[in-house]
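Visitor: I am new to reading protein models, and I would like a close look at a single part of this one, the enclosed space inside it. Please take me through that part slowly, and then show me some residues elsewhere in the chain so that I can place it.

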Amino acid sequence: MSETPAPRDGAPRDGSLIERAAQIYDFDAQFRVRRGASLLSTRTASESQSEAHSFLDDAPPPPPGAETLSREAALTLAAIPLELRDFGMSDEDDEAAASPVPSDVIAVDRALLAAKGMLVPGAPVGALAEEFRLVKRQLLLNARSIAMGTPERRARTILVGSGKPGEGKTFCAINLAISLAAERDVEVLLVDADFAKPDVMASLGLSDSTGLLDIIDDPALDPEAFVLKTDVPQLSLLPSGARSHADTELLASARTAEVLDRLLAADPRRIIVFDSPPALAASPASVLALLVAQVMLVVRADRTTEGDVREAVGLLDGCEHISLVLNAVSYEPHRGRFGSYYGQGGRG
């Protein structure tokens, strides 16, 4: 049985799936905020430019590559506390810097996240962060409810998918994982399960390595040995692994359930987020849906048709709990949620 979000503001319940999904979230508002929106709106344009220049000049050095970023991305990076972005610096670079990142921890490219318009760990709270707070809160509530009805660990699993490519599922999966990692009581494992076109590691500025398909294919491999800790507190990664012509058959094997159970048992606080292939483009998505407690289906407002949504839900209905998240909504800046409230530099 599929679940769709309840309509808001008295919206009719007989509307289409997309009309009902449109009542929920807008992840695209941050791209329509005017340049310099993080500065006080009461300042003149020249004063704002002067303050931004001074702010960037006085801030600690940004990560490598920041000089290629847009003004908004550079401001985001400059606002991150130094202790949250100084991994890899030597004592010669800054005597006050913390120790370099441990050898068993990989550093996420925060400059790349900012350039892609994604959440940046440690950055000031903005509209996008608030949107994903709403999303994750509902998913966490769902997980709690699911856990009450079953003793299985699977309540701590979420699949993020879409109907077709280009609808923003990887963008949403990464942002969801970063947002979940900010919780006090959880550990997050983000798994790249889009075997045909894996993009999670590249989006974080990291290289692929041994991953899920390799572990499933070789029973001698310990899944936990290939979980990659990152310098984002409470966030770990598992790459997709080497692509196989039998990826769907591997996923459908008993070994996959064993691997998933071992990953969940390794840390009782762990939530596993899968970035899945598009349901209408690759068969592994429907197999993964049988293994997880929740599916978050990303619907792109300007591209996904109602027919696509219905067909994708049908393919993923091996999971009882399916929620829709609307992406790329046309949103008027002066009516945007959260952005103006958090324009004063709040953190969270």
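Guide: What follows begins with the whole chain, moves to the enclosed space, and then visits several single residues.

Please keep in mind from the start that this is a predicted model, and that the values below are computed from it. The protein chain contains 12 helices and 8 strands. Of its 348 residues, 48% are buried, and its accessible surface comes to about 16700 Å², with 51% of that surface belonging to carbon and sulfur atoms. If we take the contacts in the chain with a separation of 6 or more, 77% of them are between residues 24 or more positions apart, and several of the residues we shall visit later give examples of partners that are distant in sequence.

Now to the part you asked about. The structure holds 1 cavity of 30 Å³ or more, and about 80 Å³ of space lies in the largest cavity. In general, such empty space is found by rolling a probe the size of a water molecule over the atoms. The lining of the largest cavity is made up of V191, L212, L238, L251, T256, V259, L260, L263, F274, L288 and L291. As you follow these names in the structure, look for helix α10, which covers residues 254-265 and gives the most to this lining, with 4 residues. In chemical character the lining divides into 10 nonpolar residues and 1 polar residue, with no charged residue among them. T256 is the polar one, because Thr is not on the list of residues that count as nonpolar or charged.

From the cavity we can turn to strand β5, where S236 has its place. S236 counts as buried because its relative accessible area is 10%, and the cut-off for buried is under 20%. Leaving aside neighbours within four places in sequence, S236 is in contact with V188, L189 and L190, and also with V227, L228, K229 and T230. The C-alpha atoms of S236 and E187 are separated by 7.9 Å, although the two residues are 49 residues apart along the chain. Just before this strand comes Q234, in the loop between β4 (228-230) and β5 (235-238). Q234 has a positive phi of about 70° although it is not a glycine, and with a relative accessible area of 23% it is partly exposed.

Another loop residue is S283, which lies between β6 (270-275) and α11 (284-289). At 42% relative accessibility S283 counts as partly exposed, and its C-alpha atom is separated by 9.1 Å from that of D247, 36 residues apart from it along the chain.

For a helix residue, we can look at N142 in α5, which covers residues 127-149. N142 counts as buried at 15% relative accessibility, and, not counting residues up to four places away in sequence, N142 touches Q294 and S323. S323 belongs to a stretch worth pausing over, since strand β8 spans residues 321-327 and also holds V325. V325 is buried, with a relative accessible area of 2%, and its C-alpha atom is separated by 5.9 Å from that of V299, 26 residues apart along the chain.

Two cysteines complete the tour. C172 is buried, with a relative accessible area of 0%, and C319 counts as buried as well, at 1% relative accessibility. A search of the whole structure for disulfides finds 0.

Terms used:
Residues are numbered from 1 along each chain as its sequence is written. This is a predicted model: local features need pLDDT of at least 70, side-chain atom pairs count only at pLDDT 80 or more; totals for chains, interfaces and linings use all residues. Side-chain values use heavy atoms; hydrogens and water are left out. Helices (H or I, at least four residues) and strands (E, at least two) are DSSP runs, numbered from the N terminus. Buried means under 20% relative accessible area, exposed over 50%, partly exposed in between (1.4 Å probe, protein chains only). Contact means heavy atoms within 4.5 Å. Accessible areas come from the Shrake-Rupley method with a 1.4 Å probe; for residues, only the protein chains shown count as cover. On a 1 Å grid over the protein atoms alone, a cavity is a set of points where a 1.4 Å probe fits but cannot get out, and a pocket is an open set with protein on both sides within 12 Å along at least five of seven lines; lining residues have an atom within 4 Å of a point. Grid points are joined across faces, edges and corners, and a volume is the space filled by probe spheres set on the points. A disulfide is a pair of cysteine sulfur atoms within 2.5 Å.
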